[in-house]
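User: Please walk me through this protein model. I will ask short questions, and I want the reasoning with each answer.

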Amino acid sequence: MNFAPKPSRKNAAHDWLDYLRDSEGLGGILAKTEDLAKLKIALKTALAELNLGNLTPKIEIGWRTGGQNELFLLVGGASIATRLQQVLPSLINELAKNGVICSAIKVRLKPAPPAWEMKPRTGQQALEKPKGFNAVARASWEGLLEKLAPDSDLRKAVERLLQNKSK
């Protein structure tokens with residue numbers, strides 16, 4: 001039985017280098033990034049003309065995929081979205097003055113971060129040592145301790161927990 005030969009692994013690195021050298025590779029990504037930076041500057045200028053310059057850091061901007069000349073604004077709060085909706089025609093005109101031609105602007109809310117996201121402790125919280133059990137928790141653990149067999153491994157673990165978590 002003849003199997004197809006395995007592809008050479010030596011060519012993989014050269015393929016990536018060719019891709020990066022190609023105008024559609026890294027150059028294309030850098031061009032899109034530069035266009036996005038220019039778009040952010042134009043939006044900042046337009047919002048400043050409408051006395052809404054303070055909203056600029058709270059807005060993410062980009063072109064909507066699939067839509068022709070349709071700008072997409074992603075905002076963090078409903079109040080910002082409502083305020084932008086009220087001035088959309090003026091914003092489109094100001095952007096046109098700054099060289100950004102768009103036929104429509106869609107304003108959407110950013111999805112909320114997940115509630116379970118862990119954030120590092122800051123300031124005084126990082127310096128505080130963990131505290132012991134409160135009275136109710138201690139009573140609960142001691143009640144469990146009384147119910148366990150004297151020679152039980154679980155009892156020994158609960159005893160160590162109660163010793164280490166003193167107030």
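Analyst: Accessible areas here come from the Shrake-Rupley method with a 1.4 Å probe; for residues, only the protein chains shown count as cover. This is a predicted model: local features need pLDDT of at least 70, side-chain atom pairs count only at pLDDT 80 or more, and totals for chains, interfaces and linings use all residues. Residues are numbered from 1 along each chain as its sequence is written, and side-chain values use heavy atoms, with hydrogens and water left out.

User: How much area does the protein expose, and what share do carbon and sulfur atoms supply?

Analyst: The exposed total is about 13300 Å². Of that area, the share from carbon and sulfur atoms is 56%.

User: In what order do the elements run?

Analyst: Helices (H or I, at least four residues) and strands (E, at least two) are DSSP runs, numbered from the N terminus. The protein has seven helices and three strands. From the N terminus on, the order is α-α-β-β-α-α-β-α-α-α.

User: What percentage of the residues count as buried?

Analyst: Buried means under 20% relative accessible area, exposed over 50%, and partly exposed in between (1.4 Å probe, protein chains only). The protein has 167 residues. The buried share is 21%.

User: Why do the buried residues of α4 lie on the same side?

Analyst: Helix α4 spans residues 88-97, and its buried residues are L88, L91, E94 and L95. They share a side of α4 because they cover an arc of only 120° around the axis, taken from the directions from the helix axis to the C-beta atoms. An α-helix has 3.6 residues a turn, so residues three or four places apart point the same way. The arc that places these residues together is 120°.

User: Which residues are exposed on the other side of α4?

Analyst: The side in question lies opposite L88, L91, E94 and L95, the buried residues of α4. Exposed there are P89 and K97.

User: Is V100 buried or exposed?

Analyst: V100 sits in the loop between α4 and β3 (104-109). Contact means heavy atoms within 4.5 Å. Not counting residues up to four places away in sequence, V100 touches L39, A42, W63 and L95. Its relative accessibility is 11%, so V100 counts as buried.

User: Which residues does E70 touch, beyond those up to four places away in sequence?

Analyst: E70 belongs to strand β2 (residues 70-75). E70 is buried, with a relative accessible area of 14%. Its contacts are G62, W63, R64, A104 and K106.
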